[in-house]
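Here is a short report on one protein chain. Look at the model first, then read on.

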Amino acid sequence: MSPDKKPRRFNPDRDVAPWKGAYVPYDILKEAFVAFLAVAVLIVLMAVVFSSPDEPSITLKRWSAVNPVDFAQTAITELDGSSGTATYGPPYNSTPDVTQHMGFFEPAQWFGVHQPIDTAQDFVIGPLRTLPNQQVLQKALDVYQGASAAQQSAWTTAYEKAVANATDVGGRLHVPPGRYGPVGVIIGSLTAMAQTGGLDGTLLSEGQFYNTDYTKPLLFLADGSYLESLAGTQHLQGTQWGMMNETGNYPGQAWLWLYTMWYQVYPMNQSTNADLEVWVIMMVLSIGLIFLPFIPILRSIPRWTRVYRLIWRRHYRELATA
């Protein structure tokens, strides 16, 4: 150290006083092995005793078979572009003024549409075009696509009114008659396609050996009420602390309690920007935790409260009697 440079002042929040006590040998590898072995045995025993939730997969096939009316009511909103996905905005489409924001902070709008989805084409018309030997259906699709936008809107509006009074007759969709042109054939065929499992396969087709992108079927499911009702029954909705729950009344990700807590308090529990607001709060808290050793006053709280003496009480008892 230079003779002209003053020694740094000791700071209890930053510096550690030299240890003057005794030293004992410590085998960290042995402790790690014992801890790993104990945890492995515990995991195996708990898996044998408690098993794990084994809920059946939720698919378009299952949805359309259990509740074909809800499926058809959702399908018509995909066709006319009024569903939640169709009006979601980025990253799926360019619907204006719908993205979550906090003042000028609007990340979804900044990144724009990078996974474009046209619900009418991707969820309805495209899959139906893949069905072979369906002359009546293909003609109905030609008529619908060849009509003006005003005519298409008139057909879909008429069908929406009719399907609101639809019934499930032995697993088959029965819609009251109306002036909805080819739309009845289109939605009826899509419902039948979904009930065979064909729609799931079409929406999952990526041209690869393994299908890992479930975005389209999940968005279709989310637009209906069937998935939401199942989530409510399993206590998985956001208002039910769903992030830290598991299906079948099993404990889930308990470490997410802080994240999901914010969805239960005002104003996030009533805000349309809740996801972004909660994300910002958690980022601020996370940054604060990372830089805690550099924040005056906050970094001194553990030393002032002497909570470390409670945690290491055995050590301090032995030190006092030494």
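Helices and strands here are DSSP runs, numbered from the N terminus: a helix needs at least four residues, a strand at least two. With that in hand, P267 can be placed in the loop between α12 and α13 (274–290). The peptide bond that leads from Y266 to P267 is cis, with omega near 5 degrees. More on such bonds comes below.

**The whole chain**

This is a predicted model. The average pLDDT of the protein is 89, and 97% of the residues score at least 70. Among the elements, helix α3 (residues 68–80) has the highest mean pLDDT, 97. Strand β4 (residues 250–251) has the lowest, 74. Where pLDDT is low, the predicted coordinates should not be read in detail.

The protein has 16 helices and 4 strands. Its radius of gyration is 30 Å, while a compact globule of 322 residues would have one near 20 Å. Along the principal axes, the C-alpha atoms fill a box of roughly 95 × 55 × 40 Å. Of the 322 residues, 27% are buried. The accessible surface comes to about 21900 Å², and carbon and sulfur atoms account for 62% of that. Take the contacts with a separation of 6 or more: 55% of them join residues 24 or more positions apart.

**A nonpolar patch**

Which residues form a nonpolar patch on the surface? They are L42, V44, M46, V48, V49 and F50, with about 630 Å² of accessible area together. F50 lies in helix α1 (residues 28–50). F50 counts as exposed because its relative accessible area is 52%, and the cut-off for exposed is over 50%.

**Salt bridges**

Side chains of opposite charge can pair when their charged atoms come close. How many salt bridges does a search of the whole structure find? It finds 2. Here they are.

| Pair | Closest N to O distance |
|---|---|
| D142 and R129 | 2.7 Å |
| R314 and E318 | 3.4 Å |

The pair of D142 and R129 links distant parts of the chain. D142 sits in helix α6 (residues 135–146) and R129 in helix α5 (residues 119–129), 13 residues apart. D142 is partly exposed at 45% relative accessible area. R129 is partly exposed too, at 31%.

The other pair stays within one helix, α16 (residues 313–321). R314 and E318 are 4 residues apart there, so about one helical turn separates them. R314 is exposed, with a relative accessible area of 60%. E318 is partly exposed, at 46%.

**Two loops side by side**

Start with Y92, in the loop between α3 and α4 (107–111). Is Y92 buried or exposed? Its relative accessibility is 15%, so Y92 counts as buried. Beyond its sequence neighbours up to four places away, Y92 touches V113, Q115, P116, I117, T215 and L219. The C-alpha atom of Y92 is 25 Å from that of T239, a residue 147 places away along the chain.

P91 is in the loop between α3 and α4. The peptide bond from P90 to P91 is cis, with omega near 10 degrees. G112 belongs to the loop between α4 and α5. G112 and P91 are 21 residues apart along the chain, yet their C-alpha atoms are separated by 5.8 Å. Leaving aside neighbours within four places, G112 is in contact with P90 and P91. At 17% relative accessibility, G112 counts as buried.

**Unusual backbone angles**

Most residues other than glycine have a negative phi, and most peptide bonds are trans. H235 has a positive phi, near 60 degrees. H235 is in the loop between α11 (226–233) and β3 (245–246), and it is partly exposed at 46% relative accessibility. I297 also has a positive phi, near 70 degrees. I297 is in the loop between α13 and α14 (301–305). I297 is exposed, with a relative accessible area of 57%.

**A buried threonine**

Last comes T260, in helix α12 (residues 257–261). Why does T260 count as buried? Its relative accessibility is 1%, and buried means under 20%. Apart from neighbours within four places in sequence, T260 is in contact with G238, W241, G242, M243 and M244.

Terms used:
Residues numbered from 1 in each chain as written. Predicted model: local features only at pLDDT ≥ 70, side-chain atom pairs only at ≥ 80, totals over all residues. Heavy atoms only, no water. Buried < 20%, exposed > 50% of the residue type's maximum accessible area, 1.4 Å probe, protein only. Contact = heavy atoms within 4.5 Å. Patch = residues over 30% accessible without salt bridge, like charges linked within 9 Å, V, L, I, M, F, W, Y side chains within 5 Å. Areas by Shrake-Rupley, 256 points an atom, 1.4 Å probe, with all protein chains shown as cover. Salt bridge = Lys/Arg side-chain N within 4 Å of Asp/Glu carboxyl O. pLDDT = per-residue confidence, 0-100. Rg over C-alpha atoms; globule rule 2.2 N^0.38 Å.
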